[in-house]
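These are my notebook entries on one structure. I set down what I looked up, entry by entry.

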Amino acid sequence: MRVRVDPLVCEANAVCVGLAPEVFDLDDDDELHILQPDVPAAEGDRVRHAVRSCPKAALTLEE
Ligand code: SF4
């Protein structure tokens with residue numbers, strides 16, 4: 001499973017960071033970084049929840 005962010009859509013509100021901090025991180029310039037684009041199995045449920053919860057629909061999953 002891979003996860004991507006559309007940086008033009010992301011508004012850096014940190015919802016995904018709060019739900020899956022092992023995978024998503026915001027830097028000091030409010031740019032979202034995906035720490036583990038190839039999502040480990042142990043993070044799958046958290047990442048799916050984060051993708052569904054993104055208020056901007058900026059995250060995309062490829063299963
Ligand atoms: S939840 Fe969506 S809008 Fe918010 S930081 Fe994550 S990708 Fe960006």
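**Entry 1: Ala14**

I began with Ala14, which I found in the loop that runs between E1 and H1. I should record at once that the model is predicted. I then looked up the backbone of Ala14: its phi is near 75°, a positive value in a residue other than glycine. Is Ala14 buried, partly exposed or exposed? Its relative accessibility is 32%, so Ala14 counts as partly exposed, since that class lies between the limits of 20% and 50%.

**Entry 2: Ala12**

I turned next to Ala12, which lies in the loop between strand E1, residues 2-5, and helix H1, residues 15-19. Ala12 is not a glycine, yet I read a positive phi of about 60° for it. For the surface of Ala12 I noted a relative accessible area of 17%. Buried means under 20%, so Ala12 is buried.

**Entry 3: The protein as a whole**

I stepped back to look up the overall fold. How many helices and strands does the protein have? I noted 2 helices and 4 strands. Along the sequence they follow the pattern β-α-β-β-α-β. The radius of gyration of the protein is 10 Å, and the globule rule gives 11 Å for 63 residues; the two values are close, so the protein is as compact as a globular protein of that length. I also looked up the box that the C-alpha atoms fill, which is roughly 30 × 20 × 15 Å along the principal axes. Of the 63 residues, 29% count as buried.

**Entry 4: The ligand**

I then examined the surroundings of the ligand. Which residues come nearest to the ligand? There are 13 residues around the ligand, and Cys10, Asn13, Ala14, Cys16 and Cys54 come nearest. The Ala14 of my opening entry is thus one of these nearest residues. I sorted the shell around the ligand by class and recorded 10 nonpolar, 1 polar and 2 charged residues.

**Entry 5: The cavity**

My next search was for enclosed space. Rolling a probe the size of a water molecule over the atoms shows where empty space is left. The count comes to 1 cavity of 30 Å³ or more. How much space lies in the largest cavity? I noted about 90 Å³. The largest cavity is lined by 15 residues, of which Cys10, Ala12, Asn13, Cys16 and Cys54 are the closest to its centre. By class, the lining of the largest cavity divides into 12 nonpolar, 1 polar and 2 charged residues. Where does the ligand stand in relation to this cavity? The space taken by the ligand is the largest cavity.

**Entry 6: Two residues in strands**

I looked up Arg4 and found it in strand E1. Arg4 has a relative accessible area of 43% and is partly exposed. Arg4 and Leu32 are 28 residues apart in sequence, and their C-alpha atoms are 10 Å apart in space.

I placed Leu61 in strand E4, which covers residues 59-62. Leu61 is also partly exposed, with a relative accessible area of 23%. From Leu61 to Val47 there are 14 residues along the chain, and the C-alpha atoms of the two are separated by 8.8 Å.

**Entry 7: Two residues in loops**

I returned to the loop between E1 and H1 for Pro7, which is found there. Is Pro7 buried or exposed? The relative accessibility of Pro7 is 63%, and Pro7 therefore counts as exposed, the limit for that class being over 50%. Pro7 and Leu59 are 52 residues apart in sequence, whereas I read 9.2 Å in space from C-alpha to C-alpha.

I closed with Asp28, whose place is in the loop between strand E2, residues 24-26, and strand E3, residues 32-34. With a relative accessible area of 81%, Asp28 is exposed. Asp28 and Val51 are 23 residues apart along the chain, and I noted a separation of 22 Å between their C-alpha atoms.

Key:
Residues are numbered from 1 along each chain as its sequence is written. This is a predicted model: local features need pLDDT of at least 70, side-chain atom pairs count only at pLDDT 80 or more; totals for chains, interfaces and linings use all residues. Side-chain values use heavy atoms; hydrogens and water are left out. A residue is near a molecule or strand if one of its heavy atoms lies within 4 Å of it. On a 1 Å grid over the protein atoms alone, a cavity is a set of points where a 1.4 Å probe fits but cannot get out, and a pocket is an open set with protein on both sides within 12 Å along at least five of seven lines; lining residues have an atom within 4 Å of a point. A molecule sits in a cavity or pocket if more than half of its atoms lie within 2 Å of its grid points. Ala, Val, Leu, Ile, Met, Phe, Trp, Tyr, Cys and Pro count as nonpolar, Asp, Glu, Lys and Arg as charged, and the others, Gly among them, as polar. Grid points are joined across faces, edges and corners, and a volume is the space filled by probe spheres set on the points. The radius of gyration is taken over C-alpha atoms; the globule rule is 2.2 Å times the number of residues to the power 0.38. Buried means under 20% relative accessible area, exposed over 50%, partly exposed in between (1.4 Å probe, protein chains only).
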